Amino acid sequence: MKKKARQANMELLRIIAMLMVVILHYLIKGQAVVSLVENTSVLNLILWFVEALCIVTINLYVLISGYFLVDAEWKISRLVTLWFQVMFYSLGVPVVCLTLGFGEVRQWGLYDWINVLFPVQMEHYWFITAYVVLYLFVPALSAGVKKITKKQHQLMIAGLLLVFSIPKSILPIGIPTDRFGYDFGWFLCLFMIASYIRRYNIPFFCNKRRSFAVYILAVMGIWGISFLCAVLSRKGLPFTYAMEMPYCYNHILVMVASVALFFVFRYIQIPQGRLSNVICKISSYSLGVYLLHENLAVRTEWQFWMGIEQVRGGFGIFPHMLLAVFTVFVVGIMVDFVRDCIFKVVQRSCKKVFERRVTTIEKK
């Protein structure tokens, strides 16, 4: 069968989503943003607005995956390849750091090494753990989606939002079942939304300008609610928890912003040619950026290796952030390119060994 060409517009969105991931980790794990209860300076408010712009990142990744997986052929080989890719980084990065003396790997205990040896089970990369569980359910989900009616599909999405999103978006207190979008349950909700878009579309979002406007309005809502709750908290009212909730992946405004931005790129036309080929090629290595910079050995170190403490607290953090994020992204793409080349060499070697053994058996 002829292999389907990648859609450059969606691959571009995947690249942008990965850049957003790096920005979030730069700001949060680099301690560049401070709680709005403690600091409402212009700089801190701008940084939190950047957070609001980027908080859609994980939702975008799952929406893109769900949009294509619902009609794609399910292959266990994809999970096997993903597992080897994750292990390459999970174990490889700490070994390199240990060899070169980077980070705190030499102080690691047994638990830390078990974490890198069993990355999916131990949630070394929480996104990978949730994604693997989702992918295992894809055959059943895809078959079910094609059997249910449009009305049933809408009711399922509404039910999932009532469980995972709407109550936590309204109530000013913690909900015991809420994992803030860091789990398979929220990924299931996003998959159902993506599959609905694939089957029925959402006419309201078919206009790019309208979709972009909704995205910006939702982002402003995320930022505004958080700021308002911070102001109330500074007055002694119990809104500190509510201040943090708009920046969760499963908050209703984050979900709306994610769907809106997804539609913006869905209708962008990138003609086939050199540009689309470059976009698709870079996108195919983008997961490596996440697996590299979010590795346990470096996830809270790389920001300081790049000198974030020297610009933190001043407007010089913006050019520094752009340079740091670009550097991490480029290095991640290059490392995953090397990883892919190694995997292809090993795959060809294994194939040749297998073919020789088969030929030997046939001769006998």
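**Close-up views of a predicted model**

**View 1. Helices α3 and α6 run roughly parallel to each other.** In this predicted model, the angle between the two is about 25 degrees, and angles under 35 degrees count as roughly parallel, so α3 and α6 earn that description. Look for α3 at residues 57-69 and α6 at residues 126-147, with axes 11 Å apart. Their crossing is right-handed. To find where they touch, start on the α3 side with I58, Y61, V62, S65 and L69. Their partners in α6 are W126, F127, Y131, L134, Y135, V138 and S142. A handy rule helps when reading such lists: an α-helix has 3.6 residues a turn, so residues three or four places apart point the same way.

**View 2. Helix α6 also meets helix α14.** Here the axes come within 10 Å and cross at roughly 130 degrees, so α6 and α14 are oblique to each other. The contact brings together W126, F127 and I128 of α6 with L287, Y290 and L291 of α14. You may recognise W126 and F127, which also meet α3.

**View 3. Helix α10 spans residues 208-234.** Trace its 27 residues from end to end: the first C-alpha and the last are 39 Å apart, close to the 39 Å expected at 1.5 Å a residue. At the start of the helix, a side-chain oxygen of N207 comes to within 3.0 Å of the backbone nitrogen of R209. After the helix comes G236, with a positive phi near 95 degrees.

**View 4. Several residues of α10 are buried.** Among them are S211, V214, Y215, A218, V219 and G221. Further along, I222, S226, C229, A230 and S233 are buried too. What do the buried residues of α10 pack against? Their neighbours are α1 (8-29), α2 (42-54), α11 (240-244) and α12 (252-266).

**View 5. Two loop residues, E123 and N201, have a positive phi.** Most residues other than glycine have a negative phi, which makes this pair worth a pause. E123 sits in the loop between α5 (110-117) and α6, and its phi is near 55 degrees. Is E123 buried, partly exposed or exposed? With a relative accessible area of 34%, E123 is partly exposed, because that category lies between the 20% limit for buried and the 50% limit for exposed. N201 belongs to the loop between α9 (184-200) and α10. N201 is not a glycine either, and its phi is about 70 degrees.

Definitions and conventions:
Residues are numbered from 1 along each chain as its sequence is written. This is a predicted model: local features need pLDDT of at least 70, side-chain atom pairs count only at pLDDT 80 or more; totals for chains, interfaces and linings use all residues. Side-chain values use heavy atoms; hydrogens and water are left out. Helices (H or I, at least four residues) and strands (E, at least two) are DSSP runs, numbered from the N terminus. The expected span of a helix is 1.5 Å times one less than its number of residues. Buried means under 20% relative accessible area, exposed over 50%, partly exposed in between (1.4 Å probe, protein chains only). Contact means heavy atoms within 4.5 Å. A polar contact is a pair of N or O atoms within 3.5 Å; within protein, one must be able to donate a hydrogen and the other to accept it, and residues adjacent in sequence count only if both atoms are side-chain atoms. Axes are lines fitted to C-alpha atoms, for helices over the stretch in contact, and angles run from 0 to 180 degrees between N-to-C directions. Angles under 35 degrees count as roughly parallel, over 145 as roughly antiparallel, 65 to 115 as roughly perpendicular and the rest as oblique. A crossing is left-handed if the near helix is turned anticlockwise from the far one by less than a right angle, and right-handed if clockwise.
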